[in-house]
Structure formats: structure tokens, C-alpha cells
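Dear colleague,

I am passing the structure below on to you, since you have not worked with it before. Please have a look at it first, and then read the notes that follow.

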Amino acid sequence: VVIAAALAAFPFGSLATRLQRFPVQRYAALRATPAASAATVEAIREGTAETLIYLRAPILHEAATHALFVNATSMADTDWESRRYMKLYVYWPMALHPNLKRALLIAYGVGNTAKALTDSAGLTSIDVVDISKDVLDGSSVIYPKDADNPLRDPRVRTRVEDGRYFLQTTDQQYDLITSEPPTPRSAGVVN
């Protein structure tokens, strides 16, 4: 009886279709733009501790922006406003200290800050630390071409671990340490 009721309520494949609408609706409500209203789910990744949903908001059939939802919470996107302020985490320190060589980024997100780091020719070494291997692997969703993907830059080394623990245990020295972890409203972030 339970199986018959489940199949009647959610015919094969309809559960995923129905559930995929929720992050799209949230994104559209957050952004309130025509592109956000036309967003679609581009990829879903089931990680060991989280579910990642990548949205694509097209403009004229081209990928204009991407958004990352982790456990149904909007974490980061590539719209111009987000790219602008996230890149300032790199450009502002570089303006104050133009001879930076080694950089550390904690919390990769969708790669806006990492892209600013790799676009900075003076940096010789860039370490990226994220607690989620799946977030790092998802970079290929946002940057399908290796030439654009900041994690494919030969100066970049990635590590999957907690950023705070990494800083406590590493003997590396950095000229620039930047981070934009999820907001404390997300479970576990305050720790």
C-alpha cells in the first residue's frame, strides 16, 4: 500500500523534478531578475556531508551566471555583484602590498576569489583549502574549459580540510590569506 501510494504521488522521476524547483525558486526570489527567474539546475552532486546544486541562469542562451546551493542554502554565485566584491578580497591587499608572492584561499565556493588570485601574475604559489572535496570538484561546472578554471592553474595546490585546522598545523608562510566561508547561519560554520 505504501509503495502504491508513493508511486501515485511521485511517479518515476517526478520526485527529482519537483524537488529541483525549490532551489531555483529560492534563487529567483533572492535575485529578482529575469535571468534568475529563468535559472535551471545544471548539476547536482551528492557529497559525503552535503548536497550541492549548481544553477545556471542564462542570458541569450549563454551561461551568464552560476549559483551554488549547499544543503538548499545559497552559498555563492558568479553574478557581477558577487564577482566584484569577492575579487576585492585579492585586489585590495595587492594594491596595498604589490609584491605578494604566496597566497592562501580558505573556502573555494564558486571560484570568484580564486579566479582573482590566478589572474594576478605576481603570485607564484596559491593554496586553496576547502572542507568539501565536492565543492572543489564542482569547479568544472562553473569553469568547463581548463584554461578558465582557476584550479587548473599550475600555481594552485588544493587541500581538502578545515581551514582553521590547516592554519594551525601548516608551517607555510603566506603574504595573503583570504577567506569567505559560509555565513554563521549555516550549521557548523561557527565552529
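Which side chain does R159 meet in a salt bridge? The partner is D127, with 3.5 Å from N to O. Please keep in mind that this is a predicted model.

The two residues come from separate strands, R159 from β7 (residues 156-160) and D127 from β6, so their salt bridge ties together parts that are 32 residues apart in sequence. R159 counts as partly exposed, at 24% relative accessibility, whereas D127, at 0%, counts as buried. A search of the whole structure finds six salt bridges, and those that share partners join D127, R157 and R159 into one network. Another of the salt bridges is formed by the side chains of D153 and R155, at 3.0 Å from N to O, and both of these residues are buried. The side chains of D137 and K133 also meet in a salt bridge, at 2.6 Å from N to O; these residues are four apart in helix α6, and are therefore separated by about one helical turn. Both members of that pair count as partly exposed, D137 with a relative accessible area of 36% and K133 at 49% relative accessibility.

As for the chain as a whole, the protein has eight helices and eight strands, and buried residues make up 40% of its 191 residues. Among the contacts between residues at least 6 apart in sequence, 56% join residues that are at least 24 apart. The chain exposes about 11100 Å², of which carbon and sulfur atoms supply 58%.

Turning to the interior, the largest nonpolar core holds 28 residues, and Y54, Y108, L117, L123 and V128 are those that touch the most other members. Two or more residues are given to this core by each of several elements, including strands β2 (51-59) and β3 (62-70) and helices α4 (80-96) and α5 (112-118). Apart from this core lies another, of five residues, among them L104, I106, V129 and Y174. Leaving aside neighbours within four places in sequence, Y108 is in contact with a number of residues, among them A114, V128, V129, L136, Y143 and L151.

Strand β1 (residues 40-46) is joined to β2 by six bridges, and the two strands run antiparallel. They form a hairpin with four residues between them, in which V41 of β1 stands opposite L55 in β2.

A search of the whole structure finds one aromatic pair. The ring centres of Y85 and Y89 lie 6.1 Å apart and the ring planes stand at 75°, so the pair is edge-to-face. Both residues lie in helix α4, four residues apart, which is about one turn of the helix. Y85 counts as partly exposed at 37% relative accessibility, and Y89 likewise counts as partly exposed, at 32%.

Y89 also leads to the last residue I would point out, which is T178 in strand β8 (residues 176-179). Leaving aside its neighbours within four places in sequence, T178 is in contact with Y89, L104, L105, I106 and T113. Is T178 buried or exposed? At 5% relative accessibility, T178 counts as buried, because the limit for that class is under 20%.

With best wishes

Definitions and conventions
Residues numbered from 1 in each chain as written. Predicted model: local features only at pLDDT ≥ 70, side-chain atom pairs only at ≥ 80, totals over all residues. Heavy atoms only, no water. Buried < 20%, exposed > 50% of the residue type's maximum accessible area, 1.4 Å probe, protein only. Contact = heavy atoms within 4.5 Å. Areas by Shrake-Rupley, 256 points an atom, 1.4 Å probe, with all protein chains shown as cover. Core = buried A, V, L, I, M, F, W, Y, C linked by side-chain atoms within 4.5 Å. Phe/Tyr/Trp six-rings, centres within 6.5 Å; stacked < 30°, edge-to-face > 60°. Pairing = 2+ DSSP bridges. Salt bridge = Lys/Arg side-chain N within 4 Å of Asp/Glu carboxyl O.
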